[in-house]
Amino acid sequence: MAATDADREVVSAVPDRATLRLALVVGGLVLAVLLGFGLGRINSGGPAAAMGGADSALADHTHAPGAGAHSHGVG
């Protein structure tokens with residue numbers, strides 16, 4: 001038995017609007033994350049990073065557990 005035109009299912013080459021909208025939103029979010037990462041890498045060379053930052057100066061400095069806030073002499 002031969003299939004007639006009424007029996008065939010027509011498949012559109014154009015995606016529906018919901019699928020297109022979802023693809024655009026996901027693509028925009030991925031682009032925003034990558035752009036933010038790139039800008040963060042470009043702007044990470046501020047004056048604190050060039051001078052070594054505060055973390056490198058305090059790397060060897062440790063206190064006993066429970067020690068309160070205090071300051072050290074400059075010498």
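**Exercise 1.** Determine whether Val30 is buried, partly exposed or exposed in this predicted model.

*Solution.* Step 1: the relative accessibility of Val30 is 46%. Step 2: the class of partly exposed residues lies between the limits of 20% for buried and 50% for exposed. Step 3: Val30 therefore counts as partly exposed.

**Exercise 2.** Identify the helix that holds Val30, and describe its span and its cover.

*Solution.* Step 1: Val30 belongs to helix α1, which runs over residues 17-42. Step 2: the 26 residues of α1 reach 37 Å from the first C-alpha to the last, close to the 38 Å expected at 1.5 Å a residue. Step 3: α1 is hardly covered, with a count of zero buried residues.

**Exercise 3.** State which residues form a nonpolar patch on the surface together with Val30, and give the accessible area of the patch.

*Solution.* Step 1: the members are Leu22, Val26, Val30 and Leu34. Step 2: together they have about 380 Å² of accessible area. Step 3: for the spacing, a general property of the α-helix applies. With 3.6 residues a turn, residues three or four places apart point the same way.

**Exercise 4.** Relate the UniProt annotation "transmembrane region" to the modelled secondary structure.

*Solution.* Step 1: according to the unreviewed UniProt entry, this annotation covers residues 20-39. Step 2: in the model, residues 20-39 are 100% helix and 0% strand. Step 3: the end C-alpha atoms of this segment lie 28 Å apart.

**Exercise 5.** Describe the protein chain as a whole: its elements, its surface and its confidence.

*Solution.* Step 1: the chain has three helices and zero strands, in the order α-α-α along the sequence. Step 2: buried residues account for 0% of its 75 residues. Step 3: its accessible surface is about 7,200 Å², and carbon and sulfur atoms contribute 65% of that. Step 4: the mean pLDDT is 77, with 68% of residues at 70 or more. Step 5: confidence is highest in α1, at a mean of 94, and lowest in α2 (residues 47-50), at 52.

Notes: Residues numbered from 1 in each chain as written. Predicted model: local features only at pLDDT ≥ 70, side-chain atom pairs only at ≥ 80, totals over all residues. Heavy atoms only, no water. Patch = residues over 30% accessible without salt bridge, like charges linked within 9 Å, V, L, I, M, F, W, Y side chains within 5 Å. Areas by Shrake-Rupley, 256 points an atom, 1.4 Å probe, with all protein chains shown as cover. Salt bridge = Lys/Arg side-chain N within 4 Å of Asp/Glu carboxyl O. Helix = DSSP H or I, 4+ residues; strand = E, 2+ residues; numbered from the N terminus. Buried < 20%, exposed > 50% of the residue type's maximum accessible area, 1.4 Å probe, protein only. UniProt positions renumbered as here; feature names shortened; annotations may be inferred. pLDDT = per-residue confidence, 0-100. Expected span 1.5 Å × (residues − 1).
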